[in-house]
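Biologist: I'm new to this one, so could you show me the structure and let me ask how you know what you say about it?

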Amino acid sequence: MQRLFKRTVIATLGLLLATVAVAQDRPKVVTVNYPLQYFAERLLGDTADVEFPVPEDVDPSFWRPSIADISMIQSADLILLNGASFATWVDRVTLPRSRLVNTSAALKDQFIVTESITHSHGDGGEHSHEGVASYLWLDPTLAIAQAEAIAEAITARELASADDVAIRLEELRADLEAMDQTAQSAFSDTRDVALIATHPRYQYLARRYGLSITSVEWDAGAAPTPEQLTELSSIAERTGAQVLIWEAEPPATAIEALRGLGMESVIFPTLAHKPSAGTYLDSYQKAVSDLSQASLGANN
């Protein structure tokens, strides 16, 4: 009985050690935003760990990684960048070039040039939006190109079976194309509706679907100041806009204040972070539906 017990313990320990070894051998992929994480996870299946290290309460565009964060990122087998000036910390940190992949390298001719606007977000210090718009994934056709770049990088580094990656890419591409078709249909009757966004991050969405969006400079989900409401009222009067697009859920008092100005609120997450419920596809499709309905209401 004692021998049997010892054999069982040894076998169990062996299995645990083997499991730990396999876990340690799994490739690690790091991304600079949630959409790239989502695409990589879809393409890799369970063959690698995909990490997006930015805390939920920090804007990934202007995150400042700690020394521990940098060490973790440098150890990754693949580091997926968004390009288009997204994640400014990348330019200030030494990263292994052989593991870096700019997922928008082939899209430079489709970048949207932005105006120079300098301001600050909370404790993040002043920063500028000068350069190019960086929220590429809000145009599903550009998201497809980013997914294709990720698939190529995964295959080239043999992080997953090339055949499996090809199959998963086709499935992901089909989902993104269907999402694009849904958005095309949803916005087909709202192209002349004036909209206002609380932040200049919807340029690719606007261009793809012919939307007219004027942007202000509000912190995501924060209640507007009286001065901001006055500015908003002036823009709404000038443009005829009756819908305001928020990046994140605002306080109830803010929504009521907007209703007092004759405006409706729509939450359209920019998806730089993972949504609280569902996936990139789920959140995008809901936001498209909400914005379309609000725009149709303003048009009638």
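**Getting our bearings**

Modeller: Let's start with the inventory: the chain has nine helices and twelve strands. Bear in mind that this is a predicted model. Of the 300 residues in the chain, buried ones make up 45%.

Biologist: And what share of the contacts in the chain between residues at least 6 apart in sequence join residues at least 24 apart?

Modeller: That share is 60%.

Biologist: Let's try single residues. Why is S283 called buried?

Modeller: S283 has a relative accessible area of 11%, and buried means under 20%, so S283 makes the cut. You'll find S283 in helix α9, residues 280-299. Leaving out residues up to four places away in sequence, S283 touches P269, L271 and P275.

Biologist: What makes T190 count as buried?

Modeller: Again, set the value against the cut-off: T190 has 1% relative accessibility, and the limit is under 20%. T190 therefore counts as buried. T190 lies in the loop between α5 (162-186) and β9. Apart from neighbours within four places in sequence, T190 is in contact with L211, S292, S295 and L296.

Biologist: How do you know that L136 is buried?

Modeller: Its relative accessibility is 0%. Buried is anything under 20%, so L136 qualifies. L136 is in the loop between β8 (131-132) and α4. Not counting residues up to four places away in sequence, L136 touches N82, A84, S104, F111, L142, Q146 and Y204. Take N82: L136 and N82 are 54 residues apart along the chain, while their C-alpha atoms are separated by 8.2 Å.

**Helices**

Biologist: Which residues of helix α3 are buried, and why do you say they line one face?

Modeller: In α3, residues 67-74, the buried ones are I70, M72 and I73. Looking down the axis of α3, the buried residues fall within an arc of 160°, so they line one face of the helix. I67 and A68, on the other side of α3, are exposed.

Biologist: What do the buried residues of α3 pack against?

Modeller: They pack against three strands: β1 (28-31), β2 (49-51) and β3 (78-81).

Biologist: Why are α2 and α4 called oblique to each other?

Modeller: The axes of α2 (residues 34-44) and α4 (residues 140-156) cross at roughly 50°. Under 35 degrees would be roughly parallel, and 65 to 115 roughly perpendicular. An angle of roughly 50° fits neither range, so α2 and α4 are oblique. The two axes come within 10 Å, and the crossing is right-handed. On the α2 side, the contact is made by L36, F39, A40, L43 and L44. The α4 side supplies A143, Q146, A147, I150, A151 and I154.

Biologist: What makes α2 and α5 oblique too?

Modeller: Their axes cross at roughly 135°. Roughly antiparallel needs over 145, and roughly perpendicular is 65 to 115, so α2 and α5 end up as oblique. Their axes come within 8 Å. Among the residues making this contact are Y38 and R42 of α2, and V165 and R168 of α5.

**Strands**

Biologist: How do you know that both faces of β1 are covered?

Modeller: K28 and V30 are on one side of β1, V29 and T31 on the other, and all are buried. β1 pairs with β2 in the parallel sense over three bridges, and K28 stands opposite D49 in β2.

Biologist: There's an open sheet of four strands as well; what is its order?

Modeller: The order is β10-β9-β11-β12, with parallel pairing.

Biologist: Why are β10 and β12 said to stand at the edges?

Modeller: β10 (212-215) and β12 (264-267) each have a single partner strand, so one side of each is left without a neighbour in the sheet. From one strand to the next, the twist averages 30°.

Biologist: What makes β9 and β10 a pair?

Modeller: Pairing takes at least two bridges, and β9 (residues 194-197) and β10 have four, in the parallel sense. Strands β9 and β10 therefore count as paired. One of the partnerships is I196 with T214 in β10. Helix α7 (residues 226-239) lies across β9, β10 and β11 (243-246), at about 160° to β9.

How values were computed: Residues are numbered from 1 along each chain as its sequence is written. This is a predicted model: local features need pLDDT of at least 70, side-chain atom pairs count only at pLDDT 80 or more; totals for chains, interfaces and linings use all residues. Side-chain values use heavy atoms; hydrogens and water are left out. Buried means under 20% relative accessible area, exposed over 50%, partly exposed in between (1.4 Å probe, protein chains only). Helices (H or I, at least four residues) and strands (E, at least two) are DSSP runs, numbered from the N terminus. The arc is that of the directions from the helix axis to the C-beta atoms. Contact means heavy atoms within 4.5 Å. Axes are lines fitted to C-alpha atoms, for helices over the stretch in contact, and angles run from 0 to 180 degrees between N-to-C directions. A crossing is left-handed if the near helix is turned anticlockwise from the far one by less than a right angle, and right-handed if clockwise.
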